[in-house]
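Hi,

Here is the structure I promised to send over. Have a look at it first, then read on.

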Amino acid sequence: MIVSIHQPNLFPWLGYFDKMAKSDLFIFLDNVQFTKGGFQNRVKVKGPNGPQWLTVPVKTKGRAYQMTNDVEMNHQNDWKKKHLSTIESLYSGAINFESIFTRIKEVYKQENTLLVDFTTKGIQLIQSMLEIKSNTLNASLLNLDGNSSRLLVNLVKEVGGTVYLSGPSGKKYLDETMFKAENIRIEYHEFQEDVYPQKYNDFITGLTSLDYLFNKEVSNVEYMDI
């Protein structure tokens, strides 16, 4: 069984879902320290002047070492309204705008306190629209200990995985001997984003998958291939 593991990011890029599609089980790594300034609460969308950030404000004061599954969204300002307004202004007129935007609004309507609940719902929405059948699981539900490679090994072993599909950056930090000791083979995922039609001039890679969903010309947005 092929297992991949990644933090639950905000409306992730296509490479995230390509790795999910190549896995039997995709584990949301929600039991590690939250990375401020990372992709867990922000993502790039495309505007007329290039990429710009879509960011979910979170509570960080006095919470420097909080775990991902403890991070609370900051609802002091109406950021949901701002997000939807930004998405609508940037992508209105795209070929799939109406059908996709209707479903995105349903994610924003939900009353969530924790960031992970919001981001996971967004990931599951995109997963369904890309028709990816891989199972998903939150790492925190397994109650396993360990840091770095040890935690990853423990997670893969616990779910009966035989292959760990790592991102390419894993070559720099994974302790491969730990995986080998547990008879777990490591494979490194590679993804090259194909050019697809985008609004606003030249193609830009690394944007939210929503950009692809809005712009990719297909007959039915429920059956898109990466």
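Below is what I found in it, going from the whole chain down to single residues.

First, the ground rules. This is a predicted model, so local features need pLDDT of at least 70 and side-chain atom pairs count only at pLDDT 80 or more, while totals for chains, interfaces and linings use all residues. Residues are numbered from 1 along each chain as its sequence is written, and side-chain values use heavy atoms, with hydrogens and water left out.

**Whole chain**

The protein chain has 8 helices and 7 strands; these are DSSP runs numbered from the N terminus, with helices being H or I over at least four residues and strands E over at least two. Its radius of gyration is 18 Å, which agrees with the value near 17 Å for a compact globule of 226 residues. That radius is taken over C-alpha atoms, and the globule rule is 2.2 Å times the number of residues to the power 0.38. Along the principal axes, the C-alpha atoms fill a box of roughly 55 × 40 × 25 Å.

Of the 226 residues, 46% count as buried. For burial, I used under 20% relative accessible area as buried, over 50% as exposed and partly exposed in between (1.4 Å probe, protein chains only). The chain exposes about 11,600 Å², and carbon and sulfur atoms supply 46% of that area; areas come from the Shrake-Rupley method with a 1.4 Å probe, and for residues only the protein chains shown count as cover.

As for contacts (heavy atoms within 4.5 Å), take the pairs at least 6 apart in sequence: 64% of them join residues at least 24 apart.

**Two cores**

A nonpolar core here is a set of buried Ala, Val, Leu, Ile, Met, Phe, Trp, Tyr and Cys residues joined through side-chain atoms within 4.5 Å. The largest one has 41 residues, and Ile-104, Tyr-108 and Phe-214 touch the most other members. Elements that each supply at least two residues of this core include α2 (79-91), α3 (97-109), α4 (115-129) and α8 (209-215), along with strands β2 (25-28) and β3 (42-47). Another core, of 17 residues, lies apart from it, and Ile-5, Leu-29, Val-153 and Leu-174 are among its members.

Which residues does Phe-214 touch, not counting those up to four places away in sequence? The list is Ile-87, Tyr-91, Ala-94, Ile-95, Asn-96, Phe-97, Ile-100, Phe-101 and Ile-104.

**Helix α5**

Helix α5 (residues 148-158) has Ser-149, Leu-151, Leu-152, Val-153, Leu-155 and Val-156 as its buried residues. Their cover includes β1 (2-6), β2, β6 (163-166), α6 (170-173) and α7 (176-181).

Two residues of this helix are worth a click. Leu-152 is in α5 and is buried, with a relative accessible area of 7%. Beyond residues up to four places away in sequence, Leu-152 touches Ile-5, Tyr-164, Leu-174 and Phe-179. Leu-152 and Ser-4 are 148 residues apart in sequence, yet 9.3 Å apart in space, C-alpha to C-alpha.

Asn-154, also found in α5, is partly exposed at a relative accessible area of 23%. Leaving aside neighbours within four places in sequence, Asn-154 is in contact with Leu-144 and Asp-145. Just after the helix, Gly-160 takes a positive phi of about 80 degrees.

**Backbone and loops**

Most residues other than glycine have a negative phi. Where does a residue other than glycine have a positive phi near 55 degrees? Glu-131 is one of them, placed in the loop between α4 and β5 (135-138) and partly exposed, with a relative accessible area of 34%. Asn-143 also has a positive phi near 55 degrees; Asn-143 sits in the loop between β5 and α5 and counts as exposed at 66% relative accessibility.

Thr-60 is in the loop between β4 (50-55) and α2 and is partly exposed, with a relative accessible area of 26%. Outside its neighbours within four places in sequence, Thr-60 is in contact with Lys-36 and Gln-66.

Finally, on helix α2 you will find Lys-82, which counts as exposed at 60% relative accessibility.

Cheers
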